[in-house]
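Thanks, everyone; I would like to take a few minutes to walk through one model, beginning with a pair of helices and moving on from there.

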Amino acid sequence: MAYNLLKGKKGIIFGALDENSIAWATALRCVEEGAEIVLTNAPIALRMGEINKLAEITNAPVIPADVTSLEDLNNLFTKSMEHFGGKIDFVLHSVGMSLNVRKGKPYTDLDYDFSHKTFDISAMSLHRVLQTAYKLDALNEWASVVALTYIAAQRVFPDYSEMADAKALLESVARSFGYHYGISKKVRINTISQSPTRTTAGSGVKGFDGFINYAEKMSPLGNASAKQCADYTVSLFSDLTRMVTMQNLFHDGGFSSTGVTMDVMLQMEK
Ligand SMILES: NC(=O)c1ccc[n+]([C@@H]2O[C@H](COP(=O)([O-])OP(=O)(O)OC[C@H]3O[C@@H](n4cnc5c(N)ncnc54)[C@H](O)[C@@H]3O)[C@@H](O)[C@H]2O)c1
């Protein structure tokens, strides 16, 4: 069901790789709600992924940008404003990658060059995106920025490894920049802490099947899907949530507030 919540709004969506991506579902929902969008991803992901299919469905241009490149981000915001004929109302940061996890290095044996890249791609990229927009004055007043995160920023999930540290940094950047952008332009910045979701990035975490099943059993409402995450994100891009900023918002079926469930208790009694 569509409510025209984003009618007339213009946004940039980072991170749609394939149909499973949370950003893919969000791009579809934003357009359904009346928005115009620009899609972006790293040049290599554009070659590997299926983004052109999404671009066709959503009638959106694709502008490549590696989130570690200031030059790419400058070009992305400049070209997006040219395309829209004006400033931007929302940005989705749906980007994450851990080199140590990908290469199978455990948390107690990290390669620090890899870690540096992980933090750069997964966390400082949000700062780079915001600082680029800030300097170009690319966002309208009351614009809304959402970045995706995971509860490993607050609690230990061993196989999530260095991504836990990256997410803690990401959430901190959202808070800190949320202050400055709020004061200067009334721009709001939040993170959504999403349930485990079957995507390329998600499935890269060791033991993901056990992980997702455990979360399902530990959440009174069950795990939140990518589509449900897209719905929630649309509400944060809309004018109905104008006074929400600098928050880490759990979108997890109640997982973050649950100590134990009967389902899990029964498993333990076996
Ligand atoms: N899947 C989950 O279980 C889950 C749970 C909570 C939060 N998240 C977060 O959601 C976000 C989206 O991930 P997803 O699960 O949809 O997986 P995904 O693999 O579909 O998306 C990750 C995206 O990051 C992009 N990316 C990686 N390096 C980049 C770079 N240098 N420049 C630009 N883009 C780059 C990839 O191309 C890809 O499109 C991530 O921040 C992830 O950590 C995922």
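**A helix pair, a sheet and a ligand shell**

Helices α4 and α6 are oblique to each other, because angles that are neither under 35 degrees, over 145, nor from 65 to 115 count as oblique, and in this predicted model the two pack at about 50 degrees with their axes 10 Å apart. The crossing of α4 past α6 is right-handed. On the α4 side, which covers residues 70-84, the contact includes Leu-70, Leu-73 and Phe-77, and these meet a group in α6 that includes Val-129, Ala-133 and Leu-136. By type, the residues of this contact are six nonpolar, three polar and one charged.

Turning to the sheet, six strands make up an open arrangement, ordered β2-β1-β3-β4-β5-β6, with parallel pairing. At the edges stand β2 and β6, each having a single partner strand, so one side of each lacks a neighbour in the sheet. From one strand to the next the twist averages 20 degrees. Within the sheet, β3 and β4 run parallel and are joined by five bridges, and His-93 has Ala-147 in β4 as its bridge partner.

As for helices on the sheet, α1 lies across β1, β2, β3, β4 and β5, running at about 165 degrees to β1, while α10 touches β1, β3, β4, β5 and β6, its direction making about 165 degrees with that of β5.

Finally, which residues come nearest to the ligand? Of the 26 around it, they are Ser-21, Ala-45, Gly-96, Ala-201 and Gly-202. Two or more residues of that shell come from each of α1, β4 and α8, and α8 gives the most, with three.

Notes. Residues numbered from 1 in each chain as written. Predicted model: local features only at pLDDT ≥ 70, side-chain atom pairs only at ≥ 80, totals over all residues. Near = placed C-beta within 6 Å. Helix = DSSP H or I, 4+ residues; strand = E, 2+ residues; numbered from the N terminus. Axes fitted to C-alpha atoms, helices over the stretch in contact; angles between N-to-C directions. Left-handed = near helix turned anticlockwise from the far one by under 90°. Contact = placed C-beta atoms within 7 Å. Nonpolar A, V, L, I, M, F, W, Y, C, P; charged D, E, K, R; others polar. Pairing = 2+ DSSP bridges.
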